[in-house]
Structures are given as structure tokens and as C-alpha cells.
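Student: I would like a close look at a single part of this model, followed outwards into whatever surrounds it. Please take the pockets first and then the packed interior.

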Amino acid sequence: MAHKKLKLTLSTLVILFGVNNYIDSSVESNNTKTSGKYFNWEHGKIFYKVSGEGMPVLLIHDLNVFSSESEWTKLSAELSKRHKTYTIDLLGCGRSDKPALTYTNYLYVQLITDFIKKVIKEAPLVVASGFSSTFVLKADAMDDQLMDSIYMINPPSLQSLKKNPNKYSKFIVQFFSLPVIGKTCYYLATSKTNAEYYLSEKCFFNPFQLKDSTVTAAYMAAHQDKGNGKHLYACLKANYLNVNITNIHKDSPSKKVLILGEEESDAKEIAMAYRNIYKNLSIRTIKATKKLPHLEAPEKIAGILNEDETAANNSSAPDR
């Protein structure tokens, strides 16, 4: 009986291994080359794109395995008309390397700091989506000359960021590190069906605006590098990236703006909580949008940034 169970287990592992390899090869064969550059960072190669001329703008996508710099395709096209616009795939995401390490908030603080200092080489206007707002704020608190201004699009609630790793966290990370079972479970969680559900139900106010190309980009981002995005996925599930931003230094001179999708859950309550921390925080709301207003209404966000820049230039111009 024990021999039969062992044989069945081995047969199942062989089948799962074959399925995983089939997914890997299908992703590789459908992986279209896109023009871009790589920043050779100490923890891996970081994919990025740059376009346009003018004051630099750095666009940082939300931190999850479905996200990549393709999140900014529409907004980047608008901003590059008058700005030198950088989009980046964070470590563990998209076309960047996805090493098997413990992902923490501070890891991304280091990445953004190094990218700005070594690639952009001047203080940019930074637009951060979702969870990425947290390490942008932390990087700003550690170096108040690093960024010119910060625009946060639908950052996470302050309460959710206080969730610490628990007794199951280490098990989650160890489970997903398993070469066959962990990878299989990761592929089930990041299937194309789940990618479409996440985007249509969580991110878009009007799901009819969701294009197949956006779903495909999310699926490909999660599956590139043979599923090694599972390491970031596990660390997110284990709460290893949470950070209590209410305790960080808040007196940096950089301008801070919060942009809300009007239909995003608890958007107003979240905005008020952030304003309690950052007293001069400006809040803008984009109607008929949800988690990703830069995909649903990119021209409106570009308009906010351009209007703010024009107002700042006018206020600093000498009187005639």
C-alpha cells in the first residue's frame, strides 16, 4: 500500500512538472520583445523604458505579480509629450529579475533610491500606484532631496499596512519555494482567468473598458522568468512588505498629492487618514474610475500633473 501511494505521488509530481514546463514554454514562445533598457542593480537586472524630453517623471506600478511597467502605457504616452518619462518593472515583476529572496519594503526603498540616483540623476516627479506609494513615501522620508514631488494613486489603507507577519507567514514562503507544488499553486493563482477577474472586478469601474491586451500583459508579467514571481507573491501573502508609515518622518519639502478613483472601496476614508499624517496633502478625485484611473482616464491624470506644473512655474516666475 505504501509503495502504491509513493508511486501515485511521484506520478502526480511528474505530471505537474510537465504542466509547469508546458506553461513556461508557451509563455516563452508568446513573449514578444519590447524595446527597453536594463539597470544592473545589486539584486538583479531591472527593466525600464524612457521616452520624451523635459523634467523627469518616474512612474512606478502597483506592487503585485500581475503588474508591470505596461500599467503606464497610456499615461506615459501623454506625459512624454512634455516630460522625460521613465517606467520601471520592479524587482520580482514583469521583465525584471525575480530572485528567490525575502522581499521587504526596504528592498524597494533601496531600489527606487538607487534608480533615481544612478539612472535619472536628478530629482524627478514620482507617480506611484497602489502599494508602491508606501516605499516611495519611505524613500522620501529617508532622503528629502530625492524627489521633487509625489503623486500617489489609490494607496493602501493605513490599517492594512499594520498587519504584521504571523505564525503562518514563514510556512507560506517555504511552501511557495517548493519547486513543483509551490510553482503549480502559484500558476493556479495567476491563471489568465484570475488575471481577468482581478482586473475587471478589482481595478476597472467599467469592465467593458478592459482590453484583452491588458489581461494578456498581466498574465505575462506574472509568468515571465519561469514563474519565479512566486517569491514576491509569497512575501506579499506573508505580510513581509507591510510597513507602518504613520511612524516615519513626514517633514520633507516634496509636494504630495493623492489621486483617488472615485469608485474605489473606502477611497475617501483612506484619503482622510493620509491627510491626518501629511497636513498639506492635496487630494484629487477622478470620477468613474476605480483602482487604476491611469488606465481608465489617463488624460485626466496627465492633466492634473501638467496643471500643477504650470501653476508651480507661474508662482515661481519673477514679477514683471
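Tutor: In this predicted model, the second largest pocket has a volume of about 420 Å³, and it makes a convenient place to begin. Its lining consists of 24 residues, and those nearest the centre of the pocket are T34, K49, E69, S70 and R95. The elements that contribute two or more residues to this lining are β2 (44-51), α2 (73-79), β4 (83-88) and α8 (212-223), and of these α8 gives the most, with five residues. Sorted by class, the lining of the second largest pocket holds 15 polar, five nonpolar and four charged residues.

The largest pocket, for its part, has a volume of about 1000 Å³. It is lined by 29 residues, of which D62, L63, N64, Y198 and K291 are the closest to its centre, while the elements that supply two or more residues to its lining are α7 (192-203), α9 (230-237) and α10. Here the lining divides into 13 nonpolar, 10 polar and six charged residues.

From the pockets we can turn to the interior. The largest nonpolar core comprises 73 residues, and L58 and Y108 are the ones with the most contacts inside it; α3 is the element that gives the most to this core, with nine residues. Leaving aside residues up to four places away in sequence, Y108 touches L63, L90, L91, Y103, F135, L232 and L241. One of these partners, L63, is also among the residues closest to the centre of the largest pocket, and another, F135, is a buried residue of α4. Separate from the largest core there is a second core of 17 residues, which includes L59, V127, I153 and I301.

The contact with F135 leads to helix α4 itself, which spans residues 132-142 and is largely enclosed by the rest of the structure, because nine of its 11 residues are buried. The buried residues are S132, S133, T134, F135, V136, L137, A139, D140 and A141, a set in which buried here means under 20% relative accessible area. What surrounds them is a mixture of strands and helices: the buried residues of α4 pack against the strands β3 (55-60), β5 (125-129), β6 (149-153) and β7 (255-261), and against the helices α3 (105-120) and α10 (267-277). Two of these neighbours have already appeared, since α3 gives the most to the largest nonpolar core and α10 gives two or more residues to the lining of the largest pocket.

Notes
Residues are numbered from 1 along each chain as its sequence is written. This is a predicted model: local features need pLDDT of at least 70, side-chain atom pairs count only at pLDDT 80 or more; totals for chains, interfaces and linings use all residues. Side-chain values use heavy atoms; hydrogens and water are left out. Buried means under 20% relative accessible area, exposed over 50%, partly exposed in between (1.4 Å probe, protein chains only). Helices (H or I, at least four residues) and strands (E, at least two) are DSSP runs, numbered from the N terminus. Contact means heavy atoms within 4.5 Å. On a 1 Å grid over the protein atoms alone, a cavity is a set of points where a 1.4 Å probe fits but cannot get out, and a pocket is an open set with protein on both sides within 12 Å along at least five of seven lines; lining residues have an atom within 4 Å of a point. Grid points are joined across faces, edges and corners, and a volume is the space filled by probe spheres set on the points. Ala, Val, Leu, Ile, Met, Phe, Trp, Tyr, Cys and Pro count as nonpolar, Asp, Glu, Lys and Arg as charged, and the others, Gly among them, as polar. A nonpolar core is a set of buried Ala, Val, Leu, Ile, Met, Phe, Trp, Tyr and Cys residues joined through side-chain atoms within 4.5 Å.
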